[in-house]
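Biologist: Could you take me through the terms used for this model and what stands behind them?

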Amino acid sequence: QAMTIAQALYQEDPLADEWVSFAAEQLDRELSERWVHRAIEEGIQNLYRPPAPLIALFEQLEHIPLWLDESLLGVARQTVRRSGPLGNWLLVNVALMGGYRYEGVIQPLLLTGRLADYAPQRLADTTQFVQDVLSEEGLKRGARGYRAIIRVRLLHAHIRYHLRHHPQWSTEQWGAPVNQADMLATQLLFSLSYLITGRALGLRFNERESLSVIHLWRYVGVLLGVTESLLPSDEREARRLFYLIGMTQSVAGPEAAVLGRALHEVPQALAEGWVERVQAQAAMKIRAGVSRLFLGDEALCHLGVPLSAVSYAVIGVVPLIYTLEQVRSKLPGFTTVAAHLGGRWQDKYTQNLLKRSGKYQNR
């Protein structure tokens, strides 16, 4: 099993890669984008004589797996959105921050020049991607999540196209750029990591809710080009895979601190005026506290994030969250209300983050 994951470090996404190579070498950019846009909106079968690589890619995208349960996608949406700001803290300060520790993950960012200066925009894009995936009917053809997934999949293919012949890229050392194992690890960070860290902070998930989160990101993984046989079908499989992936990853060098510190300082970078700067300092302490609680002191030092005693305060709120969750799970309709309120917070936070990051990039 470990060898299967190790081999995935050298496997790419043939369907997306073939289309990107064909488009780059035989079509102008405007025409290739128009083909993709029409395939997303109209479906590949409704286009007149589309290029063969595009047909192959979209036939895979439009195929609905036999195991897909639409009702579970709705449960997953409600389960993640009801976590509100807590879910966002876990995504940013555990999943994203923890991912920057590994060499193969950060090398594409390093070699494409997207380091510290792009941290606010990268965070905004990732947050928006998750919200698009969680939108109502978001994974239907032409919907927000479906479009966002295809954009990310093609971005990954463009990165591979750029780095495949890059003189500084070492396939022996890092595997293929944005390889199958790295993409699988990302799905697990968005699914399994959320469940484990959420439970540790007092959130409650019943068996169907935990299955739904794994199920949602399993389907997202298929759409993103991850080999279907690699993707877990339940939490137990996900835990085994997460362990096996950890066995194959090498720890990054000093570049990890550049990315980690930049992600940690996003609130400060986006703050306007002294009041917001004070609020940003408080937010950074809370964020660092969450990271320290789950990643540990050694990891935070490696990532260039200052150790925060707030991690102990974070533990202090666990009984409160657990009590609220007990009430929510027992009173009819409260889960729906929590999902509505938590989802509204996440939507507003994402919109504000996109607005602020856009202004930051234009400075």
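Modeller: Happy to; here are a few labels and the values behind them. This is a predicted model, where local features need pLDDT of at least 70, side-chain atom pairs count only at pLDDT 80 or more, and totals for chains, interfaces and linings use all residues. Residues are numbered from 1 along each chain as its sequence is written, and side-chain values use heavy atoms, with hydrogens and water left out.

Biologist: Thanks! Why is Leu 139 called buried or exposed?

Modeller: Buried means under 20% relative accessible area, exposed over 50%, and partly exposed in between (1.4 Å probe, protein chains only). Leu 139 has 10% relative accessibility, so Leu 139 counts as buried. Its place is in the loop between helix 8 (119-133) and helix 9 (144-163); helices here are DSSP runs of H or I with at least four residues, numbered from the N terminus.

Biologist: And why does Val 278 get its label, buried or exposed?

Modeller: Val 278, found in helix 17, has 51% relative accessibility and therefore counts as exposed.

Biologist: What makes the nonpolar surface patch?

Modeller: Trp 274, Val 275 and Val 278 make a patch of about 340 Å². Patch residues have over 30% relative accessible area and no salt bridge, with nonpolar side chains (Val, Leu, Ile, Met, Phe, Trp, Tyr) joined within 5 Å. A salt bridge is a side-chain nitrogen of Lys or Arg within 4 Å of a carboxyl oxygen of Asp or Glu.

Biologist: Lovely. How far apart are Leu 139 and Leu 184 in sequence and in space?

Modeller: Leu 139 and Leu 184 are 45 residues apart in sequence and 19 Å apart in space, C-alpha to C-alpha.

Methods
Patches are made of residues with over 30% relative accessible area and no salt bridge: like charges are joined within 9 Å, nonpolar side chains (Val, Leu, Ile, Met, Phe, Trp, Tyr) within 5 Å. Accessible areas come from the Shrake-Rupley method with a 1.4 Å probe; for residues, only the protein chains shown count as cover. Helices (H or I, at least four residues) and strands (E, at least two) are DSSP runs, numbered from the N terminus.
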